[in-house]
Amino acid sequence: MSDHPMAPILGGTPHRFPMLLVDAVEELAPGHGRARKLVSVNEVLFERFGDAPPALPSALLVDALGQVAIMLLRGSDATAASVWYLGGIEAMTFHAPIPAGSELRMEATVLKRWRATARLEVKAWLGAEPVASGFMVLSQGGAGRND
């Protein structure tokens with residue numbers, strides 16, 4: 001499975017269908033990660049939209065950005081039994097809706113890491129247009145904790 005394109009995603013985050021919101025990892029380097037999500041009109045989360053044009057809810061965009069942050073923080077230590085918990089969201093700004101049929105690019109950058117806590121900047125784009133940006137604080141728990 002380590003050669004499979006989904007290996008970094010399945011090994012880097014505990015999320016699974018229907019809450020796995022990352023489709024591909026473009027880059028996972030120390031301190032920086034980038035991933036993509038293809039927003040399909042057939043997704044389960046769009047079933048309640050009625051006549052409104054389907055768009056990715058902001059809460060799920062934050063969850064997707066958190067999944068990229070977790071993959072970045074777990075890095076090469078993805079086999080350790082650690083869990084990252086969302087401790088806070090700061091200055092999250094949503095610039096534009098994300099319609100079905102879009103390719104969402106997401107990025108996370110570690111700004112500061114101390115013991116079992118990290119502060120990251122997260123951003124998302126549709127093409128060159130920014131759609132969201134903000135900061136997250138995550139704390140590590142579990143047996144793989146790096147104290």
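# A hairpin and the strand beside it

Strands E1 and E2 form a hairpin with two residues between them. In the turn, Gly31 has a positive phi of about 90°. Strands here are DSSP runs of E with at least two residues and helices are runs of H or I with at least four, numbered from the N terminus. The model is predicted, so local features need pLDDT of at least 70 and side-chain atom pairs count only at pLDDT 80 or more, whereas totals for chains, interfaces and linings use all residues. Residues are numbered from 1 along each chain as its sequence is written, and side-chain values use heavy atoms, with hydrogens and water left out.

The hairpin can be followed bridge by bridge. E1 spans residues 24-29 and E2 spans residues 32-38; the two strands run antiparallel and are joined by five bridges, where strands count as paired if DSSP finds at least two bridges between them. Two of the residue pairs can be named. Leu28 of E1 has Gly33 as its bridge partner in E2, while Val25 has Ala35 as its partner in E2.

Ala35 leads onward to another strand. In E4, Met106 stands opposite Ala35, and Ala35 is also the bridge partner of Val25. E4 covers residues 103-114, and seven bridges link it to E2, again in an antiparallel arrangement. E2 is therefore paired with E1 and with E4, given that at least two bridges define a pair. In a regular strand the side chains alternate between the two faces of the sheet.

The hairpin belongs to a chain with two helices and six strands. Read along the sequence, the order of these elements is α-β-β-α-β-β-β-β. Of the 147 residues in the chain, 41% are buried (under 20% relative accessible area, with exposed meaning over 50% and partly exposed in between; 1.4 Å probe, protein chains only). Contacts, defined by heavy atoms within 4.5 Å, span considerable stretches of sequence: among those with a separation of 6 or more, 65% involve residues 24 or more positions apart.

Ahead of the hairpin lies the loop between helix H1 (7-12) and E1, and this loop holds Met19. The place of Pro18 is also in the loop between H1 and E1. The peptide bond that leads from Phe17 to Pro18 is cis, with omega near 5°. Met19 has a relative accessible area of 35% and is therefore partly exposed. Apart from neighbours within four places in sequence, Met19 contacts Leu60, Asp63 and Gln67. Leu45 lies 26 residues from Met19 along the chain, and the C-alpha atoms of Met19 and Leu45 are 9.4 Å apart.

Further along the chain is strand E3, which runs over residues 82-94 and includes Ser82. Ser82 counts as buried because its relative accessibility is 7%. A distance of 5.7 Å separates the C-alpha atoms of Ser82 and Gly141, two residues that are 59 positions apart in sequence.

Elsewhere in E3 is Glu90. What is the exposure of Glu90, buried or partly exposed? Its relative accessible area is 31%, so Glu90 is partly exposed. Beyond its neighbours within four places in sequence, Glu90 is in contact with Arg119, Gly134, Phe135 and Val137. For Phe135, the C-alpha atom lies 5.0 Å from that of Glu90, although the two residues are 45 residues apart in sequence.

Two residues that are not glycines also have a positive phi. Ala91, with a phi of about 50°, is one of them; the residue belongs to strand E3. Ala91 is exposed because its relative accessible area is 55%. The other is Arg115, where phi is about 45°. Arg115 is found in the loop between E4 and strand E5 (117-126). With a relative accessibility of 65%, Arg115 therefore counts as exposed. The turn of the hairpin, by contrast, has its positive phi at a glycine, Gly31.
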